[in-house]
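Me: I would like to go through the labels attached to this structure one at a time, asking in each case what justifies the word. Please set each value against its cut-off before concluding.

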Amino acid sequence: MDVIVRHAVVRGHQGMVDIVIEKDRIASVQPKAPGKGRREIDAAGSLVLPGLFNLHFHADKCLLGEIMRPNLSGTLPEAIEITNDFKRKYDPAEVAERTLRVLETGVKNGTTFFRLFADVGTIGGLRASRGLLLAREKFRRYCEIQVVAFPQEGIVRDPGAAELLDEAMKEGCDIVGGLPWYEYTDAEAREHIDICFDIAKRYDRDIHMLVDDTDDENSRSLEYLALRPCARIFTVASRRATAARWRLTTTSMPRRSWTLLLPPELRYR
């Protein structure tokens with residue numbers, strides 16, 4: 001036996017148990033495992049859980065409060081103005097340094113998977129994505145990291161963003177992000193979705209798209225997205241949202257706003 005975690009508390013089991021691990025797999029969970037492992041860890045009655053995960057982390061903006069000027073008006077427009085001014089001057093090495101501080105805290109508290117969002121657009125160019133790619137490389141031995149190329153300012157309403165998204169994927173980003181509801185019109189929201197699918201297909205990547213994250217009841221980017229992949233989608237009528245059956249996660253936001261992660265079965269169709 002490679003590893004035995006002794007005296008662990010595991011959900012669904014009465015009392016303390018031993019967890020036997022062989023070749024990176026849990027071989028058994030039992031009250032007292034016989035024999036001795038090459039390595040033994042005494043959990044001392046602690047709760048043992050699967051690794052935690054963070055699927056939506058705008059890491060390029062983490063800890064900015066330490067270095068940006070204060071928001072004197074306390075309003076959202078000023079907050080956006082301050083952030084955009086800073087994004088124009090992003091240094092990838094500095095973005096990585098801030099990100100690594102937070103990643104280290106997450107790993108020490110049990111997080112083993114991070115999906116990092118990098119703003120990609122004409123305001124900050126590729127500085128944020130390059131910083132997060134650098135952080136991914138430096139921390140790859142401690143956890144799994146994916147970098148999302150995210151069009152925070154839209155695509156159609158931010159001419160040049162589509163080309164920057166394409167370049168971000170060339171440089172190694174893992175996921176194509178989307179924010180269609182932020183476009184000015186429904187037609188532009190649909191074009192936004194189409195552009196994301198085209199880029200994802202070009203690089204054989206998944207899509208992480210935020211849809212209808214708005215108080216506007218007329219926003220319909222979710223419906224277009226649901227119709228775009230294929231018919232293997234069902235409706236959660238009580239939430240007026242859709243979810244695919246397999247590898248799809250949702251984040252609970254007000255009203256009709258959900259985050260959709262499209263699985264391979266639904267991509268590009």
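Me: How do you know how many disulfides there are in the structure?
Reply: This is a predicted model, and a search of the whole structure for cysteine sulfur atoms within 2.5 Å of each other returns 0 disulfides.

Me: What makes Cys-62 buried or exposed?
Reply: The word buried requires a relative accessible area under 20%; Cys-62 has 8%, so Cys-62 is buried. Cys-143, at 9%, is therefore buried as well.

Me: Why is Val-176 called buried or exposed, and what does Val-176 touch?
Reply: Val-176 has a relative accessible area of 2%, which is under 20%, so the residue is called buried. Its place is in strand E8, and, leaving aside residues up to four places away in sequence, its contacts include Val-148, Ala-149, Met-169, Cys-196, Ile-199 and Ala-200. The C-alpha atom of Val-176 is separated by 8.9 Å from that of Val-147, a residue 29 positions away along the chain.

Me: What is the span of helix H5 set against, and which of its residues are buried?
Reply: Helix H5, residues 186-203, has 18 residues and reaches 26 Å from its first C-alpha to its last, which is close to the 26 Å expected at 1.5 Å a residue. Its buried residues include His-192, Ile-193, Cys-196, Phe-197 and Tyr-203, and what covers the buried residues of H5 includes helix H4, strand E8, strand E9 and helix H6. Just after H5, Asp-204 takes a positive phi of about 55 degrees.

Me: How does the span of helix H3 stand against expectation, and what covers its buried residues?
Reply: Helix H3, residues 127-139, has 13 residues and reaches 19 Å, close to the 18 Å expected. Among its buried residues are Leu-132, Leu-133, Arg-136 and Phe-139, and the cover over the buried residues of H3 includes helix H2, strand E6, strand E7 and H4.

Me: What makes Asp-119 and Lys-87 a salt bridge?
Reply: The cut-off is 4 Å between a side-chain nitrogen of Lys or Arg and a carboxyl oxygen of Asp or Glu; the closest N and O atoms of Asp-119 and Lys-87 are 2.8 Å apart, so the pair forms a salt bridge. Asp-119 lies in strand E6 and Lys-87 in helix H1, so the pair ties together parts that are 32 residues apart in sequence. Both Asp-119 and Lys-87 are buried.

Me: Which other salt bridge does Lys-87 form with Glu-153, and what network do these residues belong to?
Reply: The side chains of Glu-153 and Lys-87 meet in a salt bridge at 3.4 Å, N to O. This pair links distant parts of the chain, with Glu-153 in the loop between E7 and H4 and Lys-87 in helix H1, 66 residues apart. Lys-61, Lys-87, Asp-119 and Glu-153 are linked in a network of salt bridges.

Me: Why are Lys-170 and Asp-166 said to be separated by about one helical turn, and which of the two is exposed?
Reply: The two residues are 4 residues apart in helix H4, and therefore Lys-170 and Asp-166 are separated by about one helical turn. Their closest N and O atoms are 3.8 Å apart, and the pair forms a salt bridge. With a relative accessible area of 54%, which is over 50%, Lys-170 is exposed, whereas Asp-166, at 12%, is buried.

Notes: Residues numbered from 1 in each chain as written. Predicted model: local features only at pLDDT ≥ 70, side-chain atom pairs only at ≥ 80, totals over all residues. Heavy atoms only, no water. Buried < 20%, exposed > 50% of the residue type's maximum accessible area, 1.4 Å probe, protein only. Expected span 1.5 Å × (residues − 1). Contact = heavy atoms within 4.5 Å.
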